Amino acid sequence: MVEVIDDVNLSTTYKIIEGDKVKKNKSFKATVKAIPKDNGSVVYWTLEYEKLNKDIPEPHSILRFAVDLIKDIDARLVTEP
């Protein structure tokens, strides 16, 4: 679910409301922020989460998803005129 769109700071915050991450965490948010640079932008991803307990593993699958998504977007942008 999109929680906040900040047009001034070029960021969007998503709140995860269902799925595996909700079952293992009290809360889970992801924020994507773009900072204009030269002819493009630098993009920062921030994950905020609170695990239900210390035995729950870190959410590395979300990081892998973000990296794969960024690679796909970059490949598409490089090939477009």
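**Loops, strands and an aromatic pair in a predicted model**

L10 lies in the loop between β1 (2-6) and β2 (11-15). The model is a predicted one. L10 has a positive phi of about 50 degrees, although this residue is not a glycine. Most residues other than glycine have a negative phi. The relative accessible area of L10 is 40%. L10 is therefore partly exposed, as this value falls between the limits of 20% for buried and 50% for exposed.

A second loop residue, D38, also calls for a look at its backbone. D38 sits in the loop between β3 and β4. Its phi is near 55 degrees, which is a positive value in a residue other than glycine. D38 has a relative accessibility of 74%. The cut-off for exposed is over 50%, so D38 counts as exposed.

The overall fold can be set out next. The protein has two helices and four strands. Along the sequence, these elements follow the pattern β-β-α-β-β-α. Strand β3 covers residues 25-37, and strand β4 covers residues 40-51. Helix α2 spans residues 60-79.

The dimensions of the chain were then computed. A compact globule of 81 residues would have a radius of gyration near 12 Å. The protein has 15 Å instead. Along the principal axes, the C-alpha atoms fill a box of roughly 45 × 25 × 20 Å. Of the 81 residues, 14% count as buried. The exposed surface comes to about 6500 Å². Carbon and sulfur atoms supply 56% of that surface.

Contacts and charges were treated in turn. The contacts considered join residues at least 6 apart in sequence. Among these contacts, 25% join residues at least 24 apart. The protein carries 13 positive and 14 negative charges. The mean positions of the two sets are 6 Å apart.

The structure holds one aromatic pair. F28 and Y49 form this pair, and their rings are stacked. The ring centres are 5.7 Å apart. The angle between the planes is 20 degrees. Planes under 30 degrees apart count as stacked, which is why the pair is given that name. The pair links distant parts of the chain, with F28 in strand β3 and Y49 in strand β4. The two residues are 21 residues apart.

The partners in this pair were also compared for burial. F28 has a relative accessible area of 2%. This value is under 20%, so F28 is buried. Y49 has a relative accessible area of 31%. Y49 is partly exposed, because 31% lies between the two limits.

N25 is another residue of strand β3. N25 touches Y49, E50, K51 and L52, when residues up to four places away in sequence are not counted. Y49, a member of the aromatic pair, is thus one of the residues that N25 touches. The relative accessible area of N25 is 7%. N25 is buried, because 7% is under the 20% limit.

The last residue examined lies in a helix. L77 has its place in helix α2. Its relative accessibility is 57%. This is over 50%, so L77 counts as exposed. L77 and Y14 are 63 residues apart in sequence. In space, these two residues are 23 Å apart, C-alpha to C-alpha.

Notes:
Residues are numbered from 1 along each chain as its sequence is written. This is a predicted model: local features need pLDDT of at least 70, side-chain atom pairs count only at pLDDT 80 or more; totals for chains, interfaces and linings use all residues. Side-chain values use heavy atoms; hydrogens and water are left out. Buried means under 20% relative accessible area, exposed over 50%, partly exposed in between (1.4 Å probe, protein chains only). Rings of Phe, Tyr and Trp (its six-membered ring) pair if their centres lie within 6.5 Å; planes under 30 degrees apart count as stacked, over 60 as edge-to-face and the rest as tilted. The radius of gyration is taken over C-alpha atoms; the globule rule is 2.2 Å times the number of residues to the power 0.38. Contact means heavy atoms within 4.5 Å. Accessible areas come from the Shrake-Rupley method with a 1.4 Å probe; for residues, only the protein chains shown count as cover. Lys and Arg count as positive and Asp and Glu as negative; His and the chain ends are not counted. The place of a charge is taken as NZ of Lys, CZ of Arg, CG of Asp or CD of Glu.
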